[in-house]
Amino acid sequence: MAGVVDAPNRPGRPFPLPPGRGLPPPPRPRFEPVDREKTCPLLLRVFTKIGGHHNKEDFQVRGKEPKDEVQIYTWKDATLRELTDLVKEVAPAARRRDAKLSFAFVYPDKNGRFVVRQVGMTHSYGNGRRSDEGKALAELSFQIGDYLDVAIL
């Protein structure tokens with residue numbers, strides 16, 4: 001067995017070797033970057049609301065989702081900053097200097113009931129105080145088919 005030493009003349013279980021010395025393995029990328037030239041984009045259904053997120057009940061009936069929908073073609077490596085800039089193009093309230101955008105994924109749980117899970121926040125005009133702006137959809141466990149709910153605060 002690799003990493004295990006049998007002690008001679010000693011009954012019982014083998015004991016593990018002390019942890020290896022040396023450099024730690026190189027960090028793995030947080031997610032696989034997408035070659036946007038070769039990869040087909042996905043359709044992201046984005047629902048915006050001023051003042052807060054939609055309720056999970058707003059998504060329960062298929063075909064009766066909230067009316068304030070924007071459809072965006074993007075990739076799983078799109079960052080919250082990229083999505084913020086796209087939302088600002090279609091939602092005038094998101095262009096306010098002091099606007100904050102809160103992002104949440106909306107998806108069905110194992111029982112088919114929708115869940116609204118907050119995943120990050122950005123400022124309309126990036127000020128560098130929030131680290132969420134550089135987070136990508138894939139990094140936040142986005143799955144194709146999830147909706148994106150954006151609260152404009």
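Me: About how many helical turns separate Arg81 and Asp85 in helix H1?

Reply: This is a predicted model, in which local features need pLDDT of at least 70 and side-chain atom pairs count only at pLDDT 80 or more, while totals for chains, interfaces and linings use all residues. Residues are numbered from 1 along each chain as its sequence is written, and side-chain values use heavy atoms, leaving out hydrogens and water. An α-helix has 3.6 residues a turn, so residues three or four places apart point the same way. Arg81 and Asp85 are four residues apart in helix H1, so what separates them is about one helical turn.

Me: What pattern does the protein follow along the sequence?

Reply: Helices (H or I, at least four residues) and strands (E, at least two) are DSSP runs, numbered from the N terminus. The protein has one helix and seven strands. Read along the sequence, their pattern is β-β-β-β-α-β-β-β.

Me: What percentage of the residues of the protein count as buried?

Reply: Buried means under 20% relative accessible area, exposed over 50%, and partly exposed in between (1.4 Å probe, protein chains only). Of the 153 residues of the protein, the buried portion is 35%.

Me: Which residues of helix H1 are buried, and over what arc around the axis?

Reply: Helix H1 spans residues 80-90, and its buried residues are Leu80, Arg81, Leu83, Thr84, Val87 and Lys88. They lie on the same side of H1, because the arc they cover around the axis is only 160 degrees. The arc is taken from the directions from the helix axis to the C-beta atoms.
The answer is therefore Leu80, Arg81, Leu83, Thr84, Val87 and Lys88, over 160 degrees.

Me: Which strands are included in what covers the buried residues of H1?

Reply: Contact here means heavy atoms within 4.5 Å. The cover includes strands E3 (42-50), E5 (100-108), E6 (114-123) and E7 (147-152).

Me: How many residues apart are Arg81 and Glu133?

Reply: A salt bridge is a side-chain nitrogen of Lys or Arg within 4 Å of a carboxyl oxygen of Asp or Glu. Arg81 counts as buried at 18% relative accessibility, and Glu133 counts as buried at 13%. Their side chains meet in a salt bridge of 2.9 Å, N to O. The pair links distant parts of the chain, with Arg81 in helix H1 and Glu133 in the loop between E6 and E7, and the number of residues apart is 52.

Me: What is the N to O distance in the salt bridge of Arg81 and Asp85?

Reply: Asp85 is partly exposed, with a relative accessible area of 34%. The side chains of Arg81 and Asp85 meet at 3.0 Å.

Me: Which residues do salt bridges that share partners join into one network?

Reply: The count of salt bridges comes to nine. One of them is between Asp98 and Arg96, at 3.2 Å, N to O. Salt bridges that share partners make one network of Arg81, Asp85, Lys88 and Glu133.

Me: Which side chain forms a polar contact of 2.8 Å with that of Asp149?

Reply: Asp149, in strand E7, is buried yet has no salt bridge, and the nearest side chain of opposite charge, Lys49, is 7.5 Å away. Lys and Arg count as positive and Asp and Glu as negative, while His and the chain ends are not counted. A polar contact is a pair of N or O atoms within 3.5 Å; within protein, one must be able to donate a hydrogen and the other to accept it, and residues adjacent in sequence count only if both atoms are side-chain atoms. The polar contact of 2.8 Å joins Asp149 to the side chain of His53.
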